[in-house]
Amino acid sequence: MREEGFSPSNFSELKEELRTQRKETKNLEKKVEELMARVINAEKVINEMREMKTMTREIHDKCTSFSNRLDQLEERVSAIEDQMNEMKREEKPK
């Protein structure tokens, strides 16, 4: 700033403008901190949801495997029942 444009009234105005800008800057810093905290929380939630998705997929896979084993067991039981019924039919004529 040139000396000829400097006056006590300008200094007071500049000082007040700096105070105003400092307050605005502090407010913006607070907002940025709040937003960063929200982003961090959102990232945590996303990570938890990914973990839950993985766990859900694992549970689904285990349920599918269990269901397949039950189907195989039912087939074996049915085959054994068929054999038992066949054996009973063979024993009746005796």
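Buried means under 20% relative accessible area, exposed means over 50%, and partly exposed covers the range in between. These classes are used in the legends below, which describe a predicted model.

**Figure 1. Overall view of the predicted chain, which has one helix and zero strands.**
Helix α1 covers residues 8-91. The protein has 94 residues, and 0% of them count as buried. The exposed area is about 9500 Å², with 55% of it supplied by carbon and sulfur atoms. By the distance rule applied here, the protein has two salt bridges; Figures 2 and 3 show the pairs.

**Figure 2. Close-up of the salt bridge between Arg19 and Glu16.**
The side chains meet with an N to O distance of 3.7 Å, which falls within the 4 Å cut-off for a salt bridge. Both residues belong to helix α1 and are three residues apart, about one turn of the helix. Arg19 has a relative accessible area of 40%, so it is classed as partly exposed. Glu16, with a relative accessible area of 44%, is likewise partly exposed.

**Figure 3. Close-up of the salt bridge between Arg89 and Glu86.**
The closest N and O atoms of this pair are 3.0 Å apart. Arg89 and Glu86 lie in helix α1 with a spacing of three residues, about one turn of the helix. Arg89 counts as exposed because its relative accessibility is 53%, and exposed means over 50%. Glu86 has 36% relative accessibility and therefore counts as partly exposed.

**Figure 4. Close-up of a nonpolar surface patch made by Phe66, Leu70, Leu73 and Val77.**
The patch has an area of about 360 Å². One of its residues, Leu73, lies in helix α1. The relative accessible area of Leu73 is 47%, so this residue is partly exposed. Patch residues must have over 30% relative accessible area and no salt bridge.

**Figure 5. View of residues 69-92, annotated in UniProt as "domain: L1 transposable element trimerization".**
The annotation comes from an unreviewed UniProt entry. Across residues 69-92 the chain is 96% helix and 0% strand. The C-alpha atoms at the two ends of this segment are 35 Å apart. For orientation, Arg89 and Glu86 of Figure 3 form their salt bridge in helix α1, and the patch of Figure 4 includes Leu70, Leu73 and Val77.

Notes
Residues are numbered from 1 along each chain as its sequence is written. This is a predicted model: local features need pLDDT of at least 70, side-chain atom pairs count only at pLDDT 80 or more; totals for chains, interfaces and linings use all residues. Side-chain values use heavy atoms; hydrogens and water are left out. UniProt positions are given in the numbering used here, feature names are shortened, and annotations may be inferred rather than shown by experiment. Helices (H or I, at least four residues) and strands (E, at least two) are DSSP runs, numbered from the N terminus. Buried means under 20% relative accessible area, exposed over 50%, partly exposed in between (1.4 Å probe, protein chains only). Accessible areas come from the Shrake-Rupley method with a 1.4 Å probe; for residues, only the protein chains shown count as cover. Patches are made of residues with over 30% relative accessible area and no salt bridge: like charges are joined within 9 Å, nonpolar side chains (Val, Leu, Ile, Met, Phe, Trp, Tyr) within 5 Å.
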